[in-house]
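Here's a walk through the fold, one piece at a time. Keep the viewer open as you read.

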Amino acid sequence: MVHPFYSTFALGRDAEWCCRLFVLKCKEDHEEGIGTFLNIAHQSPALLGETVIIQSKISELKDRTIICTFEVKVKDRVIANGSQGQKVLLKSKIEQLKSSLR
């Protein structure tokens, strides 16, 4: 443990997962979502063990791109907010991209 606070790294992982839930509901079996960006403004600390609530919403939906905004709170105190982007691609396109990078 580095310090007794909810780290920006962990907050980013959790916020990205919260936003990804939209992709899981929207995509079809032959598709997958891939992250394109994550922006976080970490404004206030949260102690380890505190209950953190992350709320996200779709702010833009265009073609195969889903942009979400999120807000992170401990009780009524905002500890962070930000945005996250994902692109929904065919699984075959992801495999093709992976192969081209090897």
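## The E2–E3 turn

Asp63 is found in the loop between E2 and E3; helices (H or I, at least four residues) and strands (E, at least two) are DSSP runs here, numbered from the N terminus. This is a predicted model, in which local features need pLDDT of at least 70, side-chain atom pairs count only at pLDDT 80 or more, and totals for chains, interfaces and linings use all residues. Residues are numbered from 1 along each chain as its sequence is written, and side-chain values use heavy atoms, with hydrogens and water left out.

Back to the turn. Most residues other than glycine have a negative phi. Asp63 goes the other way, with a positive phi near 55°. Asp63 is also exposed, at a relative accessible area of 75%; exposed means over 50%, buried under 20%, and partly exposed in between (1.4 Å probe, protein chains only). The flanking strands E2 and E3 make a hairpin with two residues between them. They run antiparallel and are joined by nine bridges, where pairing requires that DSSP finds at least two bridges between two strands. One of the matched pairs is Glu60 with Ile67 in E3.

## The E3–E4 turn

Which residue has a positive phi in the turn between E3 and E4? That's Lys75, at about 55°, although Lys75 is not a glycine. Lys75 sits in the loop between these strands and is exposed, with a relative accessible area of 75%. Again the hairpin has two residues between its strands.

E3 and E4 are antiparallel, with ten bridges joining them. Val74 faces Arg77 of E4 across this pairing. On E4 there's another partner to look at: E1 (residues 31-42) pairs with E4 in the antiparallel sense over eleven bridges. In that pairing, Ile40 stands opposite Gly82 of E4.

## Ile66 on strand E3

Now pick out Ile66, which lies in strand E3. Is Ile66 buried or exposed? Ile66 is buried, with a relative accessible area of 4%. Leaving out residues up to four places away in sequence, Ile66 touches Val23, Ile58, Glu60, Leu61, Gln84, Gly85, Gln86 and Val88; contact means heavy atoms within 4.5 Å.

For a longer-range pair, try Ile66 and Gly33. They're 33 residues apart along the chain, and their C-alpha atoms are separated by 9.3 Å.

## Helix H1

H1 has 19 residues and reaches 28 Å from its first C-alpha to its last, close to the 27 Å expected at 1.5 Å a residue (the expected span being 1.5 Å times one less than the number of residues). There's a bend of about 25° at Cys19, taken as the angle between axes fitted to the seven residues ending there and the seven starting there.

The buried residues of H1 are Ala10, Leu11, Gly12, Ala15, Cys18, Cys19, Arg20 and Val23. They pack against E1, strand E2 (53-62), E3 and E4.

## Cysteines without a bond

How many disulfides does the structure hold? Zero, with a disulfide defined as a pair of cysteine sulfur atoms within 2.5 Å. Cys19 stays unbonded because its closest cysteine sulfur, in Cys68, is 4.3 Å away, too far for a bond. Cys26 is in no disulfide either, and its nearest cysteine sulfur, again that of Cys68, is 8.8 Å off.

The surroundings of these two cysteines are worth checking too. Cys19 counts as buried, at 0% relative accessibility, whereas Cys26 counts as partly exposed at 46%.

## The nonpolar core

In soluble globular proteins, nonpolar side chains tend to be buried together. Here the largest nonpolar core has 15 residues, and those with the most contacts inside it are Tyr6, Leu11, Val72 and Ile79. Helix H1 (8-26), strand E3 (65-74) and strand E4 (77-90) are the elements that give two or more residues to this core. A nonpolar core is a set of buried Ala, Val, Leu, Ile, Met, Phe, Trp, Tyr and Cys residues joined through side-chain atoms within 4.5 Å.

Ile79 is a good place to finish. Setting aside its neighbours within four places in sequence, Ile79 has contacts that include Tyr6, Leu11, Ala41, His42, Pro45, Val52 and Val72.
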